[in-house]
Amino acid sequence: MLLEAIYHQPKSQYAYAYNEETLHIRVRTKQHDMDRVSVVWGDKYDFSPEKVTTTRMVVFAQDDLFDYYHVAIKPPFRRFAYAFKFETKDQTVFLNEVGFTKDKLSSSGVGMLWSPSGMFEFPYLNPIDVHSPPDWVKDAVFYQIFPERFANGDPSISPKEVEAWTPDAVPTATNFFGGDLQGVIDNLDYLVDLGITCIYFTPFFEAHSNHKYDTIDYLKVDPQFGDNNTAKKLVKEAHRKGIKIMLDAVFNHSGYYFPPFQDVLLNGEKSRFKDWFHIKSFPVSTNPLNYDTFGFVPEMPKLDTEHPEVKAYLLEVARYWVEDIGVDGWRLDVANEIDHQFWREFRHTVKKANPEAYILGETWHNSMAWLGGDQFDAVMNYPVTNSILDFFVKDEIDAASFMGRLDAMQIAYPKQANEVAFNLLDSHDTPRLLTIAKGNKDRMKLAALFQLTYSGAPCIYYGDEIGMAGGADPGCRKPMIWEKEHQDLNMLAFYKKIIQLRKDHRSLRDGTFRFLLAEKDKKIIAFERTDVMDRFIIILNSDNQKQKVTLENISAGTFRNMDTDEKYQVLKGEITVEVEAVSAVILKDQ
């Protein structure tokens, strides 16, 4: 028993409130080190031997080094004192806040009322502290739209030098094609038919660039996209068709032509806005750069979100688009470079305007510091993105590493944050999925199939569903191809089919998830998703050779291949399936 490998932290992703009456308790051990792990628990004011309960924990995640044990408990009085019991064939060890003891739980010391000291505690489950993301996100299928490149619905407002909207159009960092909000309104039925339930827009506020991340006016739709009434019409029409709207908030930095920054350029130290930015000296200079920016981009000066006037302005922006226009969420650009206090006030403002609004942070790394229930509902799940791409598309990791990476994310955050995590495979910031796959559509389909049957909220980048390709920015920002003769209709049918399967079966959205197969040096995985209604086994073969696999520890039942109707009977807890090269089999329990 390697005690050095054991880890637990109270009031963290290892011990948190899942809902108003349930606690999730987790502990880490060395992989395959324990025969049994239990939590020993009771009320912190009555932790007497006859009142203490021992509940067995189960392994819910593994990585290359560790097992992670989990249990859900409903403490009768919302108070929870606890310790851990670790057992092997020849050893029993207890762990509480004081440390390890052999054979017997240490209960010495002076405690409060009738309780001993030294236990771990979740002192009280206060409902207001529970991280409660909006339920609708668990059922959502997102679709990311780059407004300038989706559809041109009103040519009268297009930029003067707009380029031809053709299937072979070449996007650059500075050219325009005339996409607008009316174009999205005109194509809402296309999104309904695809199965989309929420549109994620990159910014459509007034700005000079085609990407609009260099904001001039946060309260105004860019005239090339329409006006605020067009935005309100878009939200209303989308809602009528069952589609929600999420906007991109660029609060880390403004654009160079943001009026307060222009005032600083004009008036220097005498500007009333000089403290809205992080300016190190005057006069303001772009070369050498003497003010903080996004990266080292002079056109994107960083805002001081601690400044009361900046904060008041941006919080009004947050309120206006949710309350007055009716959008359903915010995606927060460069979210990790803004102070935590701003995000706490931002959350209060947004949730007051709409308690069901979704708050999504753009971070590219472990983000637990933002997911305690006081800031973001979830983050863009780039660690999962990269794992899916590395296994199914790039062929850079084996099945065991893939499972370990995904399980590491399950332990990294509370369950409710993972249930609404934003799972993308590409975006306006990355090469397109088909290009990452080097044109291999079978590998693209494997990645998309996993994304659409995994936990969390999947997001499709506009045009992926019809086989659009494109390299890194700006290549990934081609105009949407609407001519059917230039669309991959087989790919479109595939996306529709898997999205509908997800929508038809709750088990594929928020059911339990369990890896059944993920071996070292292998390229095939299998997992099970279940709820009270359905049970699925999904097997994905990323190998270039046909594979025959036998899955073990399967509960009794008869499964049907969703494509061929072939039946598979579970015999003695096993089921054997053949899977063609770079393809998948979806089995559903009858």
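This passage describes salt bridges and one helix in a predicted model.

A search of the whole predicted structure finds 42 salt bridges, among them a contact between the side chains of K74 and E21, whose nitrogen and oxygen atoms lie 3.1 Å apart. These two residues belong to distant parts of the chain, being separated by 53 residues: K74 is found in the loop between strand 6 (66-73) and strand 7 (80-88), whereas E21 is found in the loop between strand 1 (15-17) and strand 2 (23-30). With a relative accessible area of 52%, K74 is classed as exposed because the threshold for that class is over 50%. Its partner E21, at 45%, is partly exposed.

A second salt bridge joins the side chains of R36 and E87, with an N to O distance of 3.7 Å. This pair likewise links distant parts of the chain, since R36 lies in strand 3 (residues 36-42) and E87 in strand 7, 51 residues apart. R36 has a relative accessibility of 35% and therefore counts as partly exposed.

A further salt bridge is formed by D275 with K274, the closest N and O atoms of the two residues being 3.5 Å apart. Both partners are partly exposed, D275 with a relative accessible area of 41% and K274 with a relative accessible area of 26%. Beyond these pairs, salt bridges also link D139, R506, R509 and D510 in a network.

Helix 8, which comprises residues 399-412, was considered in terms of its length, its surroundings and its N-terminal end. At 1.5 Å a residue, the 14 residues of this helix should span 20 Å, and the distance between its end C-alpha atoms is 20 Å, so the expected and modelled values agree. Eleven of the 14 residues are buried, and helix 8 is therefore largely enclosed by the rest of the structure. The buried residues of helix 8 are A399, A400, F402, M403, G404, L406, D407, M409, Q410, I411 and A412; each of them falls in this class because its relative accessible area is under 20%. At the N-terminal end of helix 8, D398 acts as a cap, with a side-chain oxygen placed 3.3 Å from the backbone nitrogen of A400, and A400 is itself one of the buried residues of the helix.

Definitions and conventions:
Residues are numbered from 1 along each chain as its sequence is written. This is a predicted model: local features need pLDDT of at least 70, side-chain atom pairs count only at pLDDT 80 or more; totals for chains, interfaces and linings use all residues. Side-chain values use heavy atoms; hydrogens and water are left out. A salt bridge is a side-chain nitrogen of Lys or Arg within 4 Å of a carboxyl oxygen of Asp or Glu. Helices (H or I, at least four residues) and strands (E, at least two) are DSSP runs, numbered from the N terminus. Buried means under 20% relative accessible area, exposed over 50%, partly exposed in between (1.4 Å probe, protein chains only). The expected span of a helix is 1.5 Å times one less than its number of residues. A polar contact is a pair of N or O atoms within 3.5 Å; within protein, one must be able to donate a hydrogen and the other to accept it, and residues adjacent in sequence count only if both atoms are side-chain atoms.
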